[in-house]
Amino acid sequence: MRVFAAIEAAVSWILCGIYNHRLKVLPLALLLIAGFIAANLPNIQKDGRVEAFMHKNDPALATYYEMRREFGQDNRLIVSVSAPDVFDTAFLTRFSELHNEIADGVPHVSEIFSPYNIPFIEYENGGVYLEELVRNMLVRGRDPRELRERIVETPLYRNFIISEDGGTVSIVIEPYRYAPDASDCTPDPANGVTCSVSFTPLAERTLLGAPQYAEMTAAAREIVSRYQGEDFIVNIAGAPVVSTEIVRMMERDMPRFTLACLIITVLTMLVLHRSLLIGFGAFVNFLTGILTTLATVSAFGVSVTPPVQLLIPMTLVVGLCTYVHFTAALLKARAQEKTGPAAIRRAVGNSNTPILFTALTTAGGLAGLIASPLAPITDLGLFGLVSVAVSYLLSLFWVTIIFRTLPKRFLDRQQAAPGPVPRLMARIAAMSATRPYHVLAASAVVLAVAVAGIMRLDYSHNSLLWLPESNPARTATEYIDERYHGTVNLEMVVSPKGGRDFRDETILKTVDETARAVYAAVDVPIGRHTSIISFIEETNQAIHDGDPAALRLPGQDEIWDQILLLEGQGIDDMKRYVSMDYSTGRVSFQTPWLEAKRYSELVATIESRFQTALGDTADVEATGLIVLLAQTSKAVLDSMSLSYFIAMVFVTAFMALAFQSSGLGLLSIVPNVAPFVILLGIMGFLGLPLDTFTVLIGGIITGLIVDDTLHFFHALRQKLPEQDDVVEAVRASVHDIGGALFATTLVVMLSFAVFGLSTMSNIQTFGALMVMGSAIALVAEMTVGPAILSLYLKSRQPDRMPVAGYEASDATT
């Protein structure tokens, strides 16, 4: 096609210009690349929060942020302390010291709750008194054991600041709603500091995020470390702790991945070509490629999340495969041409079309990820496209620079003869082309077994389980979940209608009855539920001299009186469960950190029960971290079906365009889809679920392994006119490109094997599956590919098929 010829001519002209003017081009290119990296890479951010998996315009995320702005944070840090007797005065004194040090030393704290300062409502001498529980108890010299039963049995305290068994107490840290802003100002009249009056709409304020959570977690851990002891066992958990730990592990893993990829790059090229210069060029190619890609991520203000880490091995694979193929083509061309520019033109003519379409099909596989409902997968798709484009351009550039620098004696000893690995691969491919029915029948059996495994596949999303079993954040979360039945919340936001508000007796009693009935209606353990009703009930009991029977909602007049009483006593905690004008109320359910798909039914059940009970009297909306986790779990499957469909459409279209044949384009997909089907089957038999990482394998591996298919099919098209039959054309093609195919497969396997260095179990599993899939892909390429090509060409050109068996022709090899 004229378009391909024009592209080849343009690439040849550019690369010949680089070859002839390298001393001018190289410094300019290095200056531009280094300047872009230096300007953007230092600002890169990392984010492991649950919210980071949602798109910014996702309605569920918008509802969640609206709830946080109205009622405050549900992303809380929980510091639990276990001891033989938590009602011992000596223990409570030490616990109070810890509480005060955390209150003073942890940044971004809006409120802090613990037995030390939580409100204790008591009726005494004809009046209702509000105390800070342990603080006033210690000041007044009361024996804490006297109030043990009252404290443990108080719904506001149980599974919040004290466990059900009374053996563990907690400090619950609620962060600010908003991140610090440069315009924030604290007046200090004593020192002449005043603040100008300014108003920023709440919707424009930046909510507290990952950097602030990391500061809070680090400060809390440093303080806690000074109190840890055998009789004072401290654990820190909560969503901010888990997300901070994920970021910490990313920060530790990413340099490991990058260093390992650099080592793989150099060693691969040294083994293939025994040239330090070629190895150094591959080193620089990967380094500039990955740093440029990550700098682009930073330039667009996108944070690095766990899935986005995959850009590191992907950049290595795309860049090094292009580097390997173009280097091999140049060296082979140099064995036939005696000048550099002539070798470049020959190499571009022989290899640029498959290299270019390899980049396009890889981009097509990644393009399917862009449609994902999960933000990190969309980001991976978008910046994967950047990585592909950058890797293609930089690879051609660095190969040309290194080729110009190679000594003449090295170039003169290059040979075009195939080595032992290509000869073995050619034997297997030719055998498959001779016996296509046998090969395809065996493949069908393997695929049928794989389908049986696929039927066992499940899906999963639980970021807590990404952490190793011994990780402190995971063990602390599991410890607190066991004792408190919850570290994450489901929030039900109730908005009364028809002139009512969240002080209406009918609304409150319906909400209370529904909330109490939920415990028996779901299979997820619920530690507690809290609303303004809890405060009214506590006040009603206090007014009735602590009578347990009075722990209930009173009539409408008493509700009004008791709310006014609570407001007058300054109990701000209850305002976290109602809006300022009481037009909206919040019911908060506390549950353990579980597999996200279990939350889907929980959310649907509770929301439907509230909506049914309240009917037309109120609107109900579910939100909170649990809803986001449930949404993420569902999105795993949505990502798979839509992303794979888009990826296959793009890849098939590019393959058909590359081969100028819709038939070959469709056939070329078979050896690329088969490995993924087999891999899914293996996952099913091994009990490995589809999660946020493994769901990516199809799109990524399909986009990467078409590299082999393109080069193989392209070489075959060139060899068919020169050979007597298909088998000889297959053998000749693999002789030419078999070494590069084996090398690129090895590169893919080694690149994703670096994930074995990760401390996150899900990344380790993803890496192992990608290694396995790459190996299966090469086998499929050398068996299924030749077999289907043989049958296809036989149907179109029966005279080109061999009359004798494979054994006769192979004897001459």
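Is histidine 485 buried, partly exposed or exposed, and at what relative accessibility? In this predicted model, histidine 485 counts as partly exposed, at a relative accessibility of 25%. The points below cover backbone angles, two helices, salt bridges and surface patches. The structure holds 26 salt bridges, and its surface includes a nonpolar patch of about 280 Å².

**Positive phi angles**

- Histidine 485 is not a glycine, yet its phi is positive, at about 55 degrees.
- Histidine 485 sits in the loop that runs between helix H16 (472-484) and strand S7 (488-496).
- Tyrosine 582, also a residue other than glycine, has a positive phi near 65 degrees.
- The loop between helix H19 (556-569) and strand S9 (585-591) holds tyrosine 582.
- Tyrosine 582 has a relative accessible area of 3%, and this residue counts as buried because the cut-off for that class is under 20%.
- Two further positive phi values follow helices: aspartate 545, after H18, is near 55 degrees, and glycine 615, just after H20, is at about 55 degrees.

**Helices H18 and H20**

- Helix H18 covers residues 532-543, twelve residues in all.
- From its first C-alpha to its last, H18 reaches 17 Å, close to the 16 Å expected at 1.5 Å a residue.
- Eleven of the twelve residues of H18 are buried, so the helix is largely enclosed by the rest of the structure.
- The buried residues of H18 include the nonpolar-patch residue types Ile532, Ile533, Phe535 and Ile536, and also Glu537, Glu538, Asn540 and Gln541.
- Helix H20 (residues 596-614) has 19 residues, and its span of 27 Å between first and last C-alpha is close to the expected 27 Å.
- In H20 the buried residues are Ala596, Tyr599, Leu602, Val603, Thr605, Ile606, Phe610 and Leu614.

**Salt bridges**

- Side chains of opposite charge can pair when their charged atoms come close.
- Glutamate 222 and arginine 226 form a salt bridge in which the closest N and O atoms are 2.7 Å apart.
- Both partners are partly exposed: glutamate 222 is at 42% relative accessibility, and arginine 226 has a relative accessible area of 43%.
- Aspartate 512 and arginine 516 meet through their side chains in a salt bridge of 3.1 Å, N to O.
- Aspartate 512 and arginine 516 are separated by about one helical turn, because they are four residues apart in helix H17 (residues 505-521).
- Aspartate 512 is buried, at 11% relative accessible area, whereas arginine 516 is partly exposed, at 45%.
- Glutamate 728 is paired with arginine 731 in a salt bridge whose closest N and O atoms lie 2.6 Å apart.
- Glutamate 728 and arginine 731 are three residues apart in helix H24, so about one helical turn separates them.
- In this pair the acid, glutamate 728, is partly exposed, with a relative accessible area of 22%, while arginine 731 is buried, with 5%.
- Asp47, Arg49, Glu51 and Arg68 are joined into one network by salt bridges that share partners.

**Surface patches**

- Val421, Phe742, Leu746 and Leu750 make up the nonpolar surface patch of about 280 Å².
- Helix H24 (residues 726-753) gives the most to this nonpolar patch, with three residues.
- Phenylalanine 742 is found in helix H24 and is partly exposed, with a relative accessible area of 36%.
- Phenylalanine 742 meets the accessibility condition for a patch because its 36% is over the 30% cut-off.
- A patch of negative charge on the surface is formed where Glu66, Glu70, Asp581 and Glu621 gather.
- Glutamate 621 lies in strand S10 (residues 618-623) and is partly exposed, at a relative accessible area of 40%.
- The 40% of glutamate 621 is likewise over 30%, so glutamate 621 meets the accessibility condition for a patch.

Notes
Residues are numbered from 1 along each chain as its sequence is written. This is a predicted model: local features need pLDDT of at least 70, side-chain atom pairs count only at pLDDT 80 or more; totals for chains, interfaces and linings use all residues. Side-chain values use heavy atoms; hydrogens and water are left out. Patches are made of residues with over 30% relative accessible area and no salt bridge: like charges are joined within 9 Å, nonpolar side chains (Val, Leu, Ile, Met, Phe, Trp, Tyr) within 5 Å. Accessible areas come from the Shrake-Rupley method with a 1.4 Å probe; for residues, only the protein chains shown count as cover. A salt bridge is a side-chain nitrogen of Lys or Arg within 4 Å of a carboxyl oxygen of Asp or Glu. Lys and Arg count as positive and Asp and Glu as negative; His and the chain ends are not counted. The place of a charge is taken as NZ of Lys, CZ of Arg, CG of Asp or CD of Glu. Helices (H or I, at least four residues) and strands (E, at least two) are DSSP runs, numbered from the N terminus. Buried means under 20% relative accessible area, exposed over 50%, partly exposed in between (1.4 Å probe, protein chains only). The expected span of a helix is 1.5 Å times one less than its number of residues.
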